[in-house]
Amino acid sequence: MGTSKNCPDLAGSGVWADAAYRSDEMEAKLRARKLKSHIHRKGKPGKPLTAQAKGSTRRAIRRYQDARQLPVSGYLDRATGLRLMAETFLR
C-alpha cells in the first residue's frame, strides 16, 4: 500500500476491501496514513441484516438491474436471479 506522501493524488482517499482484510492492525495502519476504511464488516450468524446492510444490498441490486436493463425493484426477483446465474455459470 503506497503512502499519500508517495502518491499525493491518494491523500484523503479511502480503502475498500472484503471483510477478510479487517483487523485492528489494518485499521491502525489506515488511520496512520489518514485513509478512510470502507472494509466490509462481517454479519452475525443467525442475526438479521442491519438497516445499513439492507440499504447497501438494495442499492447494489438496483444498480445491477439498471445496468442490465432489467425491471428495477431493488429485490432479487426471478429475472434478476436468472440473469445472475446465467452470468455466473455460462461464462
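Me: Why is Arg83 called partly exposed?

Reply: Its relative accessible area decides that. Buried means under 20%, exposed means over 50%, and partly exposed is what lies in between, using a 1.4 Å probe and protein chains only. Arg83 has 33% relative accessibility, so Arg83 counts as partly exposed. One thing to keep in mind: this is a predicted model, where local features need pLDDT of at least 70 and side-chain atom pairs count only at pLDDT 80 or more, while totals for chains, interfaces and linings use all residues. Residues are numbered from 1 along each chain as its sequence is written, and side-chain values use heavy atoms, with hydrogens and water left out.

Me: What makes Arg83 and Glu87 a salt bridge?

Reply: A salt bridge is a side-chain nitrogen of Lys or Arg within 4 Å of a carboxyl oxygen of Asp or Glu. For Arg83 and Glu87 the N to O value is 3.1 Å, so the pair meets the definition. Both residues lie in helix α3, four residues apart, about one turn of the helix. Helices here are DSSP runs (H or I, at least four residues), numbered from the N terminus.

Me: Which other residue forms a salt bridge with Glu87?

Reply: That is Arg68, with the closest N and O atoms 2.8 Å apart. Glu87 is in helix α3 and Arg68 in the loop between α2 (51-67) and α3, so this pair ties together parts that are 19 residues apart in sequence. Arg68, at 27% relative accessibility, is partly exposed. Arg68, Arg83 and Glu87 are thus linked in a network of salt bridges.

Me: How do you know that Lys29 and Glu25 are about one helical turn apart?

Reply: They are four residues apart in helix α1 (residues 24-32), which means a separation of about one helical turn. Their side chains meet in a salt bridge at 3.4 Å, N to O. Glu25 has a relative accessible area of 55%, so Glu25 is exposed, whereas Lys29, at 40%, is partly exposed.

Me: Why is Glu27 called buried or exposed?

Reply: Glu27 lies in helix α1. Its relative accessibility is 14%, so Glu27 counts as buried. Leaving aside residues up to four places away in sequence, Glu27 touches Arg22, Ser37 and Ile39, where contact means heavy atoms within 4.5 Å.

Me: And what makes Leu90 exposed?

Reply: Leu90 has a relative accessible area of 70%, so Leu90 is exposed. You will find Leu90 in the segment after α3 (78-89).

Methods. Helix = DSSP H or I, 4+ residues; strand = E, 2+ residues; numbered from the N terminus.
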